[in-house]
Amino acid sequence: SRSIRRQGTRTEKSSRQAPSTSTTTTTTFMELSRLHGRFMAVRRDGPDSEATRTEIHLLLDQMISFNAEASAPDPREVSALLVHATHLVPWQQEHLLVKVCHLISHLISRLQVPIDDDCLKHLVSYIITAINECRSWLYYELLEVLASLVYNNGFRCQKFLPELVGEFPKDPLFRLGGLSFSDGEVRVKALQCIAHLCARQPAEAAMGEPYREACFTHFLTILRASKLDDTDYITYCKTLQNALKGINAILFTFRPSPTEQMGILLATLKRCMFYGLPGAPQLTADMLYPTALPQYDGGQAPMRPPQVPPSREKPTSKSSTPGMRKVRECTLLKDWEKSSGGLVQSYRLPGKRGGRTTDHVHNDPEGSPMASCTSQAESLSLEGAQSQEESSGDAVSLTPAWRLRTSSESDFSDSESGHQRRLRIQQSRVRQAALCCLLAAFKAAEKRVVYGYWAAFIPDAPFLGGGQTLSLSTVILKDSSNKVRSGALQALSALLEGSRQFLSAAEEAAQGTTAFTSLSASLASSVRELHRTLLLALLAENSVLTLTQIIKCLATLVLNVPYKRLHPGLLSRVWRHMWPFTRHRDVNVRVACLTLLGAVLTAQAPLTEVHLLLTQPISASPASSGTSTPGALPRRSFDQKNSAPSSPAPKGPPKAEDGEDGCWLVSFCSTLILGREMEGRGLPEPTFSEPLPVRLEALQVLAYLIKGYFPVAHGSLQEVTDIVSLCLGDRNPVVQLHGAKLLEELGTAINIMYRSSLNQSASSIKIVGVWSAMLSGPLPPALQSAQSAALQTSACDVLSTILPDAFPLLPVDRQMVCLTVLLGLSADESLQVKAAAVRALGVFLLFPSLREDVQFVSDAASAVLRCMEDPSFLVRTKAAWSLGNLTDTLITNVETLGDDFLMEVPDMLLLRIIRTAIGAAQDKDKVKSNAVRCLGNLLRFLQPRHVADVRFGAAVAEAVSALSGAVLSDSTMKVRWNACYAVGNAFHNAALLPVSSEWRPIAFKALTSVVRSCKNFKVRIKAALALSCPGSRAWFGSAPEFASVWDALLEALDKSEALRDFSDFRYSESLREQACIALLHLTSLLQLSDTAALQPVL
């Protein structure tokens, strides 16, 4: 009877609207204003006035038909109109109430008219009252308008949460969206309202904890329940979608995710991942249990299952344990593989029983590289399935079945195909929503919690028990929806991101039988299977967006896998299968391929396998493998000009000399970066053949190549230099910035190669040529580019990579350009430029050819001291590092040049440096660590004439007091051991002994306290080292003070084996050694008068 009443009411509603919509055309904006005025003038004459109801009916019909294609209505007028409509239509007038709901939905959802807070709260309160009081046939319309009101307004509806979702399961949304309510469409709308209430913008306050827990529990209850008998499948799919959207909103908004419910949540999401997938068995596990990971869990207790209402599914008795569920799952999957035909139906290997030749391979759509990569896919499939195929004779899976199915092979007739197609679409949306939730869960939960469920989503073998286990790989390879496959790839990328530490345990041992499978072997097998899955998907994919996602997922995998602990060959397969797509017609695919190439070059570089790929001749490389990719771009001149006869690849890691003839990858990147098209275009200026994203990514690849494999690429040094010059001269500032970053990597790599080179004179000639070309060309304009502060910053970083031995060989005018520009930029308005310039000055202060130049040292010191007073913490940090280098230079010059250099350094400059360093010792730790280093160097540098000055004497006392405070402070350990080392430097200077009576006891008290009780062994070692620095007995003062130092060192020696942390074990031996050295030094200074004081200690 309820459905009949609803149908009759909707028929009446349509009949009332029909005259209006048939006789009235689309209402214009002016007509809406007129209708607004008429509607606002309506006043109810009485509770049952027929004339008023008729007029309200007509006005509502006309306003519902308004279409705002030309202009949008005024939000203030709309807000007033809706409030007035709720005053005119009480909830008892159910037919008018329906039209009011339609008007609200029309204006807010379709026309996107914003309303103010007062109107929103009034409308929500009105709808809540109607839901609580009206009959059930109105629930659908009321919930639909409530969903429109709370969409993106969950934060503004905070006050209504107690009325809507306050008490589970009694409140209206829980009641109407629960399993006990019979109307499936109403349940869908109620769940949609709850999901909208849970959604929050990043800057908005989160939903309260009780409401969130209630909503989360309700969503899980819906997802874990079976389909009700009176609900059709499409409605059930929409129910699941809204429940998943609600969980997704909770996981994305609230941090952290509910880890106590993680097992139930992941089990539910895994079941929804495969909902409606043709041939997939139904999973029945209600809980996923994490794998024990002691190195991450730290011996924590297992998670307590949450109190979630039981689902309506029948419990399974024989599959209650995880092991039995695994066996049952594999058994079902074996039947699924037989019924669905596996991954391929038309391709069989030649020579197999009942097989067909490769001439019968299904033709793939244009744009997919499947036709050109048949042999690659064949090798990938054989890698995991050859042994099984030899025994069974089944076809080897190469192409997903969804790509081979035609309309004539459909499982349903034409008459029912429409309904089945809609059902399949809804089922795919369920799977897509489940994967979005899985992505949110992986991002929200802690990594150590997620890795406990690694085995539930990542396969560890291609075949297990005759069938592949249900995992993300199954969705990637078998799902027919490209959106679902893309969602699975995104979830897999989120799981792999940041997994380097977890996967570092993976290791492949020598082949042989073992009594058990270790965690290392299991992870290694998972990594190998992931490579196989993604490469198969790469060859079979025909959607450009999904293809891009596959390549990005491969890049994430490559960045986190410990290839040095695995058998070689994985990166070669990735390289070989990826290379044809570098000529794909889609720009995003080409950019993703270059990203993957950069990941290969940065994965634990240098790797022998990648060395071999880079040093093989271009004719033997993937770039000229002879395969043609459908949808690929034509080959450029790079492929013809480098076609050389094939030669065998080297058997071992290439030496530096292997790159003398140039690297083919440099030429390939050069073609992408600098390739131009000019002929026949009539263009006033040359245009680049590749779009900007491809050029930038090629520059990144070249930078990774220089950073990790410079011995291979140094033969192409001139080509790289030309690329940098042209990029720095480019009009696009982004290209200029990437060119500067490439030059910075080149300078760093040159320094490393020069230090390890045997023939440094020959290497310095090439290096001087590179820097002369840069400093005579585009680098000075980049340094003076006031329009781009980022480019100036990168150019300053480039100058700091100049080889110290090559700088004096540069032309004098080029040297002066470097020094003049850096001194000027140290006073720049941009904080980043100023910080980079003062850091580069700190590097130049260590150059042997510049540190003896007193004028440059004085100018650089003035610039550094000026930056030390800058309010920016970034500038002060870089300046403090340079100030430490300045004092290192002073110490070196004193040791090499003697008194001649001392006479040229102004005393006021030294005093200013000391005062500045004392002030910086009170700054933050990053500044303080270099400030105490500077103070130690200066205290060792001072001469008797300085100490005799009263101003220096007071500064010395303040400096030692600051150092003693840093030794005993709660700062970082780096600050404390630098302070200990600085006090030891002060003890080295015998000129300070006559004025040390005031600060000497303070310094010894700080050092003895630290050497006794500091938790950090490295700080205690530095303190013991400082106590062994005084060169005479007079430093230690009286006999009791001397005995206290003995006592502290003996106690440190005694406690050196009392380890609080196992990580201190490697430092305990060093502490014992340093304490013994200090005691031996004290013994050498022992006097007869000290024996009485030492007797209790000894």
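**Figure 1. Helix α6 and the helices around it.** The buried residues of α6 pack against α4 (75-88), α5 (94-110), α7 (139-150), α8 (161-165) and α9 (172-176). Here, contact means heavy atoms within 4.5 Å, and buried means under 20% relative accessible area, with exposed over 50% and partly exposed in between (1.4 Å probe, protein chains only). This is a predicted model, in which local features need pLDDT of at least 70 and side-chain atom pairs count only at pLDDT 80 or more, while totals for chains, interfaces and linings use all residues. Residues are numbered from 1 along each chain as its sequence is written, and side-chain values use heavy atoms, leaving out hydrogens and water. To find the packing face of α6, look for its buried residues: Cys119, Leu120, Leu123, Val124, Tyr126, Ile127, Ile128, Ala130 and Ile131. Helix α6 covers residues 117-133, and its 17 residues should span 24 Å at 1.5 Å a residue; the end C-alpha atoms are 24 Å apart, which agrees. (The expected span is 1.5 Å times one less than the number of residues.)

**Figure 2. Two more helices of 17 residues, α5 and α24.** Helix α5 reaches 23 Å from its first C-alpha to its last, close to the 24 Å expected at 1.5 Å a residue. Of its 17 residues, 14 are buried, so α5 is largely enclosed by the rest of the structure. Just after this helix comes Gln112, whose phi is positive, near 55 degrees. Helix α24 (residues 544-560) reaches 25 Å between its first and last C-alpha atoms, close to an expected 24 Å. It too is mostly covered, with 13 of its 17 residues buried.

**Figure 3. Inside the largest nonpolar core.** This core holds 334 residues, and Leu82, Leu665 and Phe844 touch the most other members. (A nonpolar core is a set of buried Ala, Val, Leu, Ile, Met, Phe, Trp, Tyr and Cys residues joined through side-chain atoms within 4.5 Å.) Helix α17 (residues 414-444) gives the core its largest share, 11 residues. Zoom in on Leu665 and you will find it touching Trp575, Trp579, Leu597, Leu601, Leu614 and Leu705, not counting residues up to four places away in sequence.

**Figure 4. Two buried polar residues, Gln427 and Arg485.** Gln427 sits in helix α17 and counts as buried at 9% relative accessibility. Leaving aside residues up to four places away in sequence, Gln427 touches Cys237, Tyr275 and Gly276. Arg485 belongs to helix α21 (residues 482-496) and is buried as well, with a relative accessible area of 1%. Its C-alpha atom is 10.0 Å from that of Ser543, although the two residues are 58 positions apart along the chain.

**Figure 5. Aromatic rings, side by side and edge-on.** There are 19 aromatic pairs in the structure. (Rings of Phe, Tyr and Trp, the last by its six-membered ring, pair if their centres lie within 6.5 Å; planes under 30 degrees apart count as stacked, over 60 as edge-to-face and the rest as tilted.) Phe844 and Phe847 have ring centres 4.8 Å apart and planes at 25 degrees, so this pair is stacked. Both Phe844 and Phe847 are buried. Phe1042 and Trp1046, in contrast, are edge-to-face, with 6.4 Å between centres and 80 degrees between planes. These two residues are buried and lie in helix α50 (residues 1039-1054), 4 residues apart, about one turn of the helix. An α-helix has 3.6 residues a turn, so residues three or four places apart point the same way. Phe1042 and Trp1046 also belong to one aromatic cluster with Phe987, Trp999, Phe1004, Trp1035 and Phe1036.

**Figure 6. Charges over rings.** Lys1018 lies over the face of Trp977, 4.3 Å from the ring centre. Arg1020 lies over the face of Phe1017, at 4.9 Å from the ring centre. (A charge sits over a ring if NZ of Lys or CZ of Arg is within 6 Å of the ring centre and within 35 degrees of the ring normal.)

**Figure 7. Two cysteines, and the whole chain.** Cys193 is buried, with a relative accessible area of 1%, and Cys796 is buried at 0%. A search of the whole structure finds 0 disulfides (pairs of cysteine sulfur atoms within 2.5 Å). Stepping back, the protein chain has 52 helices and 2 strands; helices (H or I, at least four residues) and strands (E, at least two) are DSSP runs, numbered from the N terminus. Buried residues make up 54% of its 1098 residues. Among contacts in the chain with a separation of 6 or more, 76% join residues 24 or more positions apart.
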